[in-house]
Amino acid sequence: MATARRRIAFRTPLCDRLGIDIPIFSFAHSLEVTAAVSRAGGYGVYGATHEEPHEILESARALKEMCEGRPFGLDILLPTVTVDRDDKAAADAEIPEAHRRFVEHLREKYQVPPATREHLFMKHVRSQELFAAQADAVIRSGANLFAMAVGTPADVVARARAAGQLTLSLIGSPRHAARVKATGVDLLVAQGYDAGAHTGTVGTLSLVPQVVDIVGDLPVIAAGGIATGRQIAAALAMGAQAVWTGTIWLATQEHEVDKIITDHLIAAGSEDTVISRSWSGKTLRMLRTAWSDEWSAPGAPAPLKMPYQQVLVGEIMEAVKEHRIAPLLWSAAGQSVAYVRGISSVEETMRRLVDETEQSLSRLAALRQ
Ligand SMILES: Cc1cc2nc3c(=O)[nH]c(=O)nc-3n(C[C@H](O)[C@H](O)[C@H](O)COP(=O)(O)O)c2cc1C
């Protein structure tokens, strides 16, 4: 691809260290997007958190072929939960009756037939047992990079590094920076409040420079709300060595996304996303739909803590996707959704980001007296 081959104006030291041409990371639950970004000279990271260990190994095998020698990463969530065993029946028994009734009420109101496909959370429980098995799979997978979110266990970092992997952790608060650095992790993503999916309360513009100052020589990657070159230039100005992006990749030809969701993403502005605990039990930014509205309506039960909320809603969410129940279909999305105005290829998106960043940097350089 042309962008990857020409020398871009904002190569950072991290590019040489990682063997990439463009300091742009993508996060996507899509093998095709991940591989296309890596092939285009960025760093593709595949979201594997909804996969069983054997699926993680298969995904990594596929990516190794698809990336044509370029590096790629795998990302899983490693939160600390109080549930040790991956025992779905035991977790089911803990669900309060009022919560079950509420989900049944949604099922009737929106006429959701049962799911015939299986989602991870219909069989498994986000438990220490499941996380350990997923982490083992990522370490054995041969992925170049192990990205961990919502938790950074020091023993996992040490084992991944011993296996030759680069390790990366996503954090959302300056409070976590020093502690996560102490785990020995190689790279930090400072992910601000604007971001799609799990997010804290500090905005990207306030978070990134604080984390850069706290962690010193550890490279920081900026995330949350980034969808244009102007924002990439701003991230570099704040001391980040790269950017990490999620929402923009949902609107690429390579990403399989239900057209109901793509249309919603294209129509949505920043204020059409909300933070809700209705999927994972933790705060997660998503498109506002009847799903998030129902869970925040007066009289709705408070979502359960992780992992119980997914034990409760895993089946109905899969059914909503399978049967395309439009009002309840949602996607995680960041405030950056305001810049999603159509579908383009990964290559076009990368080229746009590179061109815009170079233009922004030239504009800034011209300001110097
Ligand atoms: C649809 C979607 C799913 C996501 N799932 C995960 C995930 O499983 N693990 C993770 O570390 N981050 C996840 N994220 C967050 C991204 O890694 C990234 O930090 C975020 O998208 C950056 O903000 P942006 O969406 O404004 O670009 C997800 C983001 C989106 C949009």
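The paragraphs below lead through a predicted model, starting at the ligand and moving on to aromatic rings, a few loops and some pairs of residues.

A good place to begin is the ligand, which is surrounded by 20 residues, the closest of them being Q191, G225, G246, T247 and S336. When these surrounding residues are sorted by chemical character, the shell divides into eight nonpolar residues, 11 polar ones and one that is charged. Several polar atoms of the protein can be followed to oxygen atoms of the ligand. A polar side-chain atom of T247 lies 2.5 Å from a ligand oxygen, while in G246 it is a backbone N or O atom that lies 2.8 Å from an oxygen atom of the ligand. In G196, too, the atom belongs to the backbone, and this polar atom is 3.2 Å from an oxygen of the ligand. How much of the ligand's own accessible area does the protein cover? On its own the ligand has 590 Å² of accessible area, and the protein covers 93% of it. The elements that contribute two or more residues to the shell are the strands β3, which spans residues 72-77, and β9.

Strand β9 also leads to the aromatic rings, of which the structure holds seven pairs. A pair of aromatic rings is described by two quantities, the distance between the centres and the angle between the planes. For the pair formed by F27 and W244, the centres are 6.5 Å apart and the planes meet at 35°. The pair counts as tilted, because its angle of 35° is neither under 30 degrees, as stacked planes would be, nor over 60, as edge-to-face planes would be. This pair links distant parts of the chain, since F27 sits in strand β1 (residues 24-28) and W244 in strand β9 (residues 242-245), with their positions 217 residues apart in sequence. W244 counts as buried because its relative accessible area is 5%, and the limit for a buried residue is under 20%. The two rings also have further company, for F25, F27, Y43 and W244 together form one aromatic cluster. Elsewhere, a ring meets a charged residue: R285 lies over the face of Y193, at a distance of 4.6 Å from the ring centre.

From strand β1 one can step back into the loop that joins α2 (13-18) to this strand, where D21 is found. Is D21 buried or exposed? With 18% relative accessibility, D21 counts as buried, and the side chain of D21 makes a polar contact of 2.8 Å with the side chain of R70.

Other loops hold residues whose backbone geometry deserves a careful look. Q111, in the loop between α6 (97-109) and α7 (120-123), has a positive phi of about 50° although this residue is not a glycine. At 65% relative accessibility, Q111 counts as exposed. R324 likewise has a positive phi, near 50°, and is a residue other than glycine; its place is in the loop between α16 and α17 (346-366). R324 counts as partly exposed, because its relative accessibility is 43%. In the loop between α15 (290-296) and α16 (308-322) lies P307, which is joined to M306 by a cis peptide bond with an omega of about 5°.

The loop between α15 and α16 also contains L304, which counts as buried at 12% relative accessibility. L304 and I226 are 78 residues apart in sequence, and their C-alpha atoms are 31 Å apart in space. What are the corresponding separations, in sequence and in space, for L57 and A137? These two residues are 80 residues apart in sequence and 6.2 Å apart in space, again from C-alpha to C-alpha. L57 has its place in helix α4 (residues 53-66), and counts as buried because its relative accessibility is 18%. A last pair involves D355 in helix α17, which is partly exposed with a relative accessible area of 26%. D355 and T262 are 93 residues apart in sequence, with 25 Å from C-alpha to C-alpha.

Conventions: Residues are numbered from 1 along each chain as its sequence is written. This is a predicted model: local features need pLDDT of at least 70, side-chain atom pairs count only at pLDDT 80 or more; totals for chains, interfaces and linings use all residues. Side-chain values use heavy atoms; hydrogens and water are left out. Rings of Phe, Tyr and Trp (its six-membered ring) pair if their centres lie within 6.5 Å; planes under 30 degrees apart count as stacked, over 60 as edge-to-face and the rest as tilted. Helices (H or I, at least four residues) and strands (E, at least two) are DSSP runs, numbered from the N terminus. Buried means under 20% relative accessible area, exposed over 50%, partly exposed in between (1.4 Å probe, protein chains only). A charge sits over a ring if NZ of Lys or CZ of Arg is within 6 Å of the ring centre and within 35 degrees of the ring normal. A residue is near a molecule or strand if one of its heavy atoms lies within 4 Å of it. A polar contact is a pair of N or O atoms within 3.5 Å; within protein, one must be able to donate a hydrogen and the other to accept it, and residues adjacent in sequence count only if both atoms are side-chain atoms. Accessible areas come from the Shrake-Rupley method with a 1.4 Å probe; for residues, only the protein chains shown count as cover. Ala, Val, Leu, Ile, Met, Phe, Trp, Tyr, Cys and Pro count as nonpolar, Asp, Glu, Lys and Arg as charged, and the others, Gly among them, as polar.
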